[in-house]
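Please explain how the structure shown below is put together, from its secondary structure elements to its cores.

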Amino acid sequence: MNLEAIEQKCLHYLMQVSRPLVPVEQLLRHLQREPEFLSLSEHDLLTFLREHELFVVLDPIGMAGDPDGRAALAEAGISTSPSVILETRIPPQRELSEQMIAQLETLMDSLDTARREAYKTRDAKRVSFIDALLERASGLLDRLKNLG
């Protein structure tokens, strides 16, 4: 596989997208539009990106680390896969914190909606699980707000 070609395609794509943080699976789909990249796996792409000084790979938030948390986030429509950003497009710390806070608040709103639905269906186990996720998310939110 031609690493220089992968580098150039990744650089071009990540420079031109409107949202600088791109899910790795989206970048891979873009690359695989060309026959020479059809055999490129997500694992290989992630390895390449993590070892390259121009790219920064961000792994999902802590709650996505366990299978139950990942399932709950996926059900809420929140990506649990790694994302990539060009080093040169990383926003200043304050802006990054604000974006992370906004995403976490969106996550909490989605979890709260899921909790209400679970409560309506009297699914006590699911309500309890979502409550635990909300507690963890709230803790993360507090820590993010205290960083600024």
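What covers the buried residues of helix 3? The cover includes helix 1 (3–16), helix 2 (24–31), strand 2 and strand 3, where contact means heavy atoms within 4.5 Å. Helices (H or I, at least four residues) and strands (E, at least two) are DSSP runs, numbered from the N terminus. Buried stands for under 20% relative accessible area, exposed for over 50%, and partly exposed for values in between (1.4 Å probe, protein chains only).

The model is predicted: local features need pLDDT of at least 70 and side-chain atom pairs count only at pLDDT 80 or more, whereas totals for chains, interfaces and linings use all residues. Residues are numbered from 1 along each chain as its sequence is written, and side-chain values use heavy atoms, with hydrogens and water left out.

In overall terms, the protein contains six helices and three strands, which follow one another from the N terminus as α-β-α-α-β-α-β-α-α. Of its 148 residues, 34% count as buried. Among contacts between residues at least 6 apart in sequence, 63% join residues at least 24 apart. The protein exposes about 9,500 Å², of which carbon and sulfur atoms supply 51%; accessible areas come from the Shrake-Rupley method with a 1.4 Å probe, and for residues only the protein chains shown count as cover.

The sheet comes next. Its three strands form an open sheet in the order 1-3-2, with antiparallel pairing; two strands pair if DSSP finds at least two bridges between them. Strand 1 (22–23) and strand 2 are the edge strands, each pairing on one side only. Strand 3 (residues 83–86) pairs with strand 2 over four bridges and with strand 1 over two bridges. Individual positions show the register: F55 stands opposite L86, V57 has V84 as its bridge partner, and L58 stands opposite S83. On the strand 1 side, V22 stands opposite V84.

The side chains of these strands can be followed in turn. Along strand 2 (residues 55–58) they alternate: F55 and V57 point to one face and are buried, while V56 and L58 point to the other and are not. In strand 3, S83 and I85 point one way and V84 and L86 the other, and all are buried.

Helix 3 lies across strand 2 and strand 3 and runs at about 120° to strand 2; axes are lines fitted to C-alpha atoms, for helices over the stretch in contact, and angles run from 0 to 180 degrees between N-to-C directions. In helix 3 (residues 42–51), L45, L46, F48 and L49 are buried. Seen down the helix axis, these buried residues fall within an arc of 165°, so they line one face of the helix; the arc is that of the directions from the helix axis to the C-beta atoms. H43 and E51 are exposed on the other side of helix 3.

L49 belongs to helix 3 and is buried, with a relative accessible area of 0%. Not counting residues up to four places away in sequence, L49 touches C10, V24, L27, F55, V57 and V84. L49 and C10 are 39 residues apart in sequence and 9.1 Å apart in space, C-alpha to C-alpha. C10, leaving aside its neighbours within four places in sequence, is in contact with L27, L31, L45, L49 and F55.

Several of these residues recur in the largest nonpolar core, which has 22 residues; those with the most contacts inside it are C10, L14, L27, L45, L49, F55 and V84. A nonpolar core is a set of buried Ala, Val, Leu, Ile, Met, Phe, Trp, Tyr and Cys residues joined through side-chain atoms within 4.5 Å. Helix 1, helix 2, helix 3, strand 2 and strand 3 each supply at least two residues of this core, and the largest share, six residues, comes from helix 1. A second, separate core of 14 residues includes L104, V127, A137 and L141.

One backbone detail remains. Most residues other than glycine have a negative phi. R122, although not a glycine, has a positive phi of about 60°. R122 lies in the loop between helix 5 (93–120) and helix 6 (124–147) and is exposed, with a relative accessible area of 76%.
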